[in-house]
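Work through the exercises below with the sequence and the coordinates open beside the text. Each task is followed by a solution that goes step by step.

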Amino acid sequence: MDSKQKAAQLATLLAKGEGKQILSLMFDLKLLDVDTTQAIHTLPESQPTIGIWEAQQRPDGVHFVRSQKLRHEWSGWADIEEFHPKSGKRRVVVIGESVAHGWFLAPAFTPCKVLAQMLGEDTEVLDLSRINMALPQAMQLNSLALEHLAPDVIVHFSGNNWGPLGLIQSLSREDYVEFTLEKLVESRKAELSTLIRTLLENIAATAKAKNVPLLFVIPEFNFGEWKDTWYGPWLGAGKTSQWYEKRTAAEAAFEAGDLHRCIGLANDMLVLDGGALGGAAYDLLARCSRAKSNLREARELFERSWDAIFLNSSIPLARCLPSNREAIASVAAASGCQCIDLRDVFDQAESQSPLFADYCHLSVEGIRLAMSAVAKTLAKPGRDCTPVSAPPHAVEIANSFGLALQNSALPDEILARHLRVLADDSPEWIPLFLELAAASGPLWMNRKLRCLFEQEKAFSYLRNFAYGSDWNIALSQNLIGVAKQILGPDNQEATGTATMLLHRNHEPRDQPLDLLSSRYSFLSLQEREFLWTMPEPVRNLLLPSSNFYRSYKPESPFAFAGSKPLCLSLTYRTPHTAPGDTWVEVSINQDKQACLPPSTSWRTCTISIPADVLNVGQNWLRIGWPKLTAEEDTVLKLRADRMQCGLTPELYPVFGEIHSLTVRVSNS
Amino acid sequence: MRGSSYVIGISAFFHDSSCCLLRDGVLVAAASEERFTRIKHDGSLPVNAFRYCLREGDININDLSCIGYYEEPVKKLGRQLWMGLPGIPASRLHDTSWFDVHRPEREIINQLGIECPLHFFGHHASHAASAFFFSGFPEAAIMTVDGVGEWSTTAYWKGGGSTMSLLEEVDFPDSLGLLYSAVTGYLGFEVNEGEYKVMGLAPYGQPRYMDKISSLIANGKDGSFQLDMKYFDFLRGDRMHSDAMDELFGQPARLRDSEIDSFHYDVAASLQKTLEEILLQKVQYLFERSPSENLCMAGGVALNCVANSRLLKEGPFQRLFVQPASSDAGGALGAAALAHIANGGTMPVQSLPHVYLGRSSPVAEIHNALSESAIPYLNFEGKTTELIEAVVDRLAAGKVIGWFQGRDEFGPRALGSRSILADPRPEHMRDHVNALVKLREGFRPFAPAVPESSAADHFDIDHPSRFMLETCQVTSSLSMPAITHVDGSARVQTVDPQISPRFHALLEAFGRRTGCPVLLNTSFNVRGEPIVSTFMEALRCLIRTEIDSLVLEDFLLDRESIPTDWFCIREVTAPSVRGVGEYAYTFF
């Protein structure tokens with residue numbers, strides 16, 4: 001047998017049973033000695049670059065100038081052309097994420113600009129914040145800043161983006177068999193915490209070696225905009241059903257004002273799910289506490305609620321987990337660094353204005369308060385911090401408008417909140433918002449928005465956001481209804497135009513309308529379907545585990561326009577529900593249209609939709625999934641099997657899957 | 001719909017992943033994943049192309065009869081293991097996914113939701129089937145040549161009816177594709193991407209280094225050949241060629257983007273000529289093993305259109321069919337055909353009339369988006385003749401046109417669906433299009449498109465050449481420097497009025513106006529990016545380049561009508577992401 005035949009035979013053996021695992025273990029035990037002397041051909045190193053700024057040697061020293069090669073990344077960073085060599089001024093470097101960047105208030109009104117103004121002219125603030133910054137990038141920037149920018153102090157203002165992405169993939173079958181769900185969560189939290197501490201310690205040690213003090217600023221979360229998901233952990237058919245029954249009953253009790261009953265049911269849910277993977281019980285308890293004006297307790301419970309979905313990595317919610325908060329505080333204390341917790345700062349605030357622009361980004365007032373705390377810590381003894389004036393009105397409008405667009409596909413109450421802010425500020429902007437929300441093309445193609453970009457510099461962040469991609473805005477659940485509610489009966493022209501646009505752009509005509517496209521399946525911040533509803537290029541980057549729609553809730557909503565008779569085609573399956581006395585229900589605008597049998601393999605059905613159930617404007621299609629029938633041992637086996645294949649285990653139940661969902665004009 | 005057999009073919013997890021759909025053995029749709037993800041040569045599972053194929057076929061996933069996958073993972077792993085564990089790149093030491101032979105099956109089932117049977121076929125069998133079953137030949141000899149699949153790098157086949165039989169094959173590491181790629185890397189171009197450039201560079205040089213190239217490969221008198229591995233590093237390093245190749249040629253490898261001089265031209269010419277000579281001998285050998293009038297070819301090396309022309313002119317076969325998407329993308333076609341046969345079907349004798357197998361943009365959608373933008377544009381709905389005349393006005397005035405019509409092409413060539421068009425006669429046009437429109441190297445020639453009926457008046461060609469897969473001499477009395485290569489050759493596309501009526505009408509109208517029924521036709525993209533697929537991508541390409549006018553189906557936009565603010569798209573657009581490596585061939 002020659003070497004090629006032997007290799008082929010080895011491949012055949014490895015392909016069987018535990019072959020991959022055997023080879024993996026041989027690697028781990030270093031039984032396979034890998035030649036590290038292989039030829040490596042390296043390219044010459046380029047000049048140092050800090051973020052988007054590259055070094056340029058000039059007579060007066062090294063300047064860091066924005067790189068034209070990285071032009072496409074500029075919008076994620078501060079709008080600063082260059083950092084000059086250090087002068088006689090005290091130099092503060094700020095490294096942070098989107099909260100530190102300023103979001104839609106940037107570039108006119110950013111935390112760093114506010115801080116610089118507060119600290120006065122003898123201090124300069126270098127803004128190295130970037131949207132979506134992760135901790136390893138912050139660590140790299142910390143080292144680069146220490147090496148090249150000669151800071152007197154470095155401020156790290158981040159913690160929201162340090163999630164557990166990737167940790168769950170490292171689970172092995174043994175992990176799962178050995179641990180309960182609660183222990184599994186705890187072990188992953190410990191792993192994340194260790195990782196964060198290691199990186200933070202590196203940051204602190206590097207700064208200490210250069211005798212540069214650090215200040216950590218821990219971000220705060222807006223609990224007012226937090227609403228838990230419907231997700232309950234997958235506990236097996238009996239317990240999962242019980243969990244959902246109790247959840248439904250608890251919601252009803254809360255709506256009826258029966259807080260006592262609601263609390264009882266929520267505690268029952270906690271008994272079932274252990275509070276390890278689902279935040280719903282804590283969310284209900286928190287709302288009850290808030291209703292009883294016990295705000296401190298409410299916040300603790302809200303925090304437990306979002307901490308409970310720690311392992312639901314598909315929820316793209318930037319939030320500073322309790323373990324992150326603890327890690328920052330303890331590393332700061334251990335390494336002698338100062339630390340400001342914005343929770344304490346905001347708790348003591350007497351401001352009547354909202355401190356948040358959305359779920360985590362700060363409002364003008366929030367930025368002022370946060371930076372005031374930072375400035376007081378950094379200011380020279382005896383120096384008062386300079387008060388900062390409000391930004392121009394146009395900046396506030398740009399912020400409200402950007403936030404309304406960004407949040408337009410979120411649940412009605414969140415959209416309504418942002419529209420109300422916009423309407424209070426500048427009601428004349430609502431018609432443009434509606435036009436964009438119902439548009440056909442991407443944001444950047446809209447004439448009015450283009451004119452706005454050309455005329456008003458305050459919109460520069462939104463402008464970069466818009467031109468950077470072909471993103472369309474997903475249809476909100478009830479765009480026209482919310483707009484009418486905000487505008488009142490006197491402004492029918494704007495809603496009328498939006499209704500016309502909805503029909504023109506989102507009604508099926510010659511070709512069927514694909515309701516699984518990101519335009520028609522709701523982008524809901526707190527829903528696991530998030531990945532599905534992202535525009536395709538983003539979805540591709542995030543690599544979802546399946547390329548079809550999976551519902552992690554008992555029902556799936558979709559929106560579309562159309563007032564003529566339609567034909568709906570649905571290809572679905574219910575992988576964990578056996579056929580029986582349950583049905584998949586399809587309803588339009590709460591009018592039941594069909595009851596379909598559960599099916600563990602794909603099944604296609606066609607449903608005629610008469611005109612009389614359709615609305616002028618938007619229609620709401622709801623698919624209600626049947627109860628799960630897979631028992632606990634089946635669930636355990638499915639999870640273990642997935643982990644054996646290197647796949648993320650399903651911790652949340654899949655109620656139903658949709659491969660195709662279209663509406664077309666009915667022929668008959 | 002009931003009663004028909006629907007079969008999906010998939011190629012994935014290496015480079016140029018793609019998906020196609022056959023209905024009763026007839027090709028309905030085919031698309032590469034890169035057109036959806038905008039990642040050049042994207043090798044990921046073609047989830048978007050798969051969805052597109054179902055949509056285009058107007059079917060659902062439960063209508064599928066079976067799936068064909070273009071490779072045999074266990075055999076491929078055997079080859080990878082033979083290469084030796086030391087060959088694993090350092091970055092992959094702790095990543096065991098490369099020897100996970102179940103990955104294709106698992107991902108196809110889990111990610112695509114497949115429930116029907118899944119069949120695996122050999123890489124070269126898929127290439128061979130992709131050529132033979134879509135050639136229109138009832139019987140043929142088949143040659144497949146590429147870098148490597150599982151073990152094979154070159155294979156000789158005989159095809160007839162719905163069957164193919166393997167006659168002989170050459171195994172890794174002896175590979176004509178890897179030879180070409182290694183010298184491509186030595187010449188400072190990207191492996192798996194720059195081979196076209198080397199082919200385009202060759203006519204500028206003289207084959208002075210044939211003897212040196214002959215040191216790299218020993219050609220057998222039968223179907224075999226052998227690489228001298230001391231000149232190659234692809235088994236162990238992160239580079240294709242070894243230092244010994246530098247010593248052999250007496251010069252270090254050219255650095256990327258550095259100056260190209262006569263030495264590089266001559267090496268390219270020598271490599272190209274060596275390849276042609278070897279292929280001619282192999283084709284002769286194949287003819288002896290499998291006498292036929294017809295030859296089918298596929299595999300990455302079959303995209304070498306200069307070699308193809310010599311095989312047809314100087315080789316023993318009367319007719320040649322090269323599968324237009326001959327790289328790994330085309331493997332999906334063959335896998336689908338073989339799966340259809342494995343499922344009890346027979347393949348109809350079908351010639352591939354065109355490659356307009358990708359997605360289109362609905363006219364109403366384009367119209368709505370343009371209306372919302374309120375930019376000036378011309379609407380020619382229902383007025384095709386007027387549209388053609390308006391485009392001819394611009395072409396005759398020396399303008400460069402972005403031409404977006406119907407479904408996009410499957411394969412690397414733009415053939416009048418996603419094309420950039422220009423007058424081939426002005427002296428400056430080649431440099432202008434290379435520099436300002438395509439943003440690429442100046443030496444690269446452009447291809448001409450000509451109505452089939454006029455082709456012989458301007459080119460030394462006596463048969464249709466619809467897929468731009470062969471070259472011929474320019475014989476026209478017209479001077480057309482933009483499409484005439486330095487050796488007087490051109491990579492011509494002949495256009496059939498039945499297949500591409502609007503593109504054909506444009507060529508005819510341009511001919512009537514100017515006396516020149518030929519247009520420069522190049523792919524609608526900029527350097528390093530996939531060809532545009534949607535109208536929005538075409539519009540963004542117009543903004544990012546110096547294209548003068550854009551035709552989007554029935555609508556025409558001139559550059560002057562683009563709002564100033566839109567030009568900031570140039571600033572905020574990220575450079576294209578690459579799906580494959582730089583200097584190294586991606587074995588893992």
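The exercises concern a predicted model, and they take up strands, sheets, helices and domains in turn.

**Exercise 1.** Determine which strands of chain B pair with strand S16 (residues 418–422), and decide whether the residues of S16(B) are buried or exposed.

*Solution.* Begin with the pairing on one side, where strand S15 (residues 401–404) of chain B runs antiparallel to S16(B) and is joined to it by four bridges. In this pairing B:Ile401 lies opposite B:Leu421. Next, turn to strand S21 (residues 519–523) of chain B, which is likewise linked to S16(B) by four bridges in the antiparallel sense, and here B:Leu421 faces B:Asn521. Then consider the surroundings of the strand: five of the five residues of S16(B) are buried, and the strand is mostly covered. Finally, separate the two faces. In a regular strand, side chains alternate between the two faces of the sheet. In S16(B), B:Arg418, B:Ile420 and B:Ala422 belong to one side and B:Ser419 and B:Leu421 to the other, and with all of these residues buried both faces are covered.

**Exercise 2.** Establish the strand order of the open four-stranded sheet in chain A, and explain why one side of each edge strand is left without a neighbour.

*Solution.* The order to be found is S12-S17-S14-S15, with antiparallel pairing. Strand S12 (555–561) and strand S15 (591–596) of chain A each have a single partner strand, so one side of each lacks a neighbour in the sheet. From one strand to the next, the twist averages 20°. To examine one of the pairings in detail, follow S12(A) along strand S17 (residues 618–624) of chain A: the two run antiparallel and are joined by seven bridges, with A:Trp620 as the bridge partner of A:Ala559.

**Exercise 3.** Describe the open sheet of five strands in chain B, and state which strands form its edges.

*Solution.* Read across the sheet, the order is S9-S8-S7-S12-S13, and the pairing is mixed. The edges are formed by strand S9 (163–171) and strand S13 (319–322) of chain B, each of which pairs on one side only. The twist from one strand to the next averages 20°. Within this sheet, strand S8 (residues 152–160) of chain B and S9(B) run antiparallel and are joined by eight bridges, and B:Ala155 stands opposite B:Glu169.

**Exercise 4.** Characterise the packing of helix H20 (residues 479–487) of chain A against helix H21 (residues 492–506) of chain A.

*Solution.* Start from the axes, which come within 10 Å and cross at roughly 175°. Angles over 145 degrees count as roughly antiparallel, and H20(A) and H21(A) are therefore roughly antiparallel to each other. Then list the contact: H20(A) contributes A:Leu479, A:Ile480, A:Ala483, A:Lys484 and A:Leu487, which meet A:Ala494, A:Thr495, A:Ala498 and A:Thr499 in H21(A). Sorted by class, this contact holds six nonpolar, two polar and one charged residues.

**Exercise 5.** Analyse how domain 1 of chain B meets domain 3 of chain B.

*Solution.* First fix the bounds: domain 1 covers 6–134 + 328–342, domain 2 covers 171–322 and domain 3 covers 363–578. The C-alpha centres of domain 1 and domain 3 of chain B are 31 Å apart. Their contact draws on eight residues from domain 1 and eleven residues from domain 3. On the domain 1 side, strand S3 (26–32), helix H1 (34–37) and strand S4 (39–40) of chain B each supply at least two residues, and by class that side has four nonpolar, no polar and four charged residues.

Notes
Residues numbered from 1 in each chain as written. Chains lettered and ligands numbered in written order. Predicted model: local features only at pLDDT ≥ 70, side-chain atom pairs only at ≥ 80, totals over all residues. Buried ≥ 20, exposed ≤ 12 C-beta atoms within 10 Å, placed from the backbone. Pairing = 2+ DSSP bridges. Axes fitted to C-alpha atoms, helices over the stretch in contact; angles between N-to-C directions. Domains from an automatic or database assignment. Contact = placed C-beta atoms within 7 Å. Nonpolar A, V, L, I, M, F, W, Y, C, P; charged D, E, K, R; others polar. Parallel < 35°, antiparallel > 145°, perpendicular 65-115°, else oblique.
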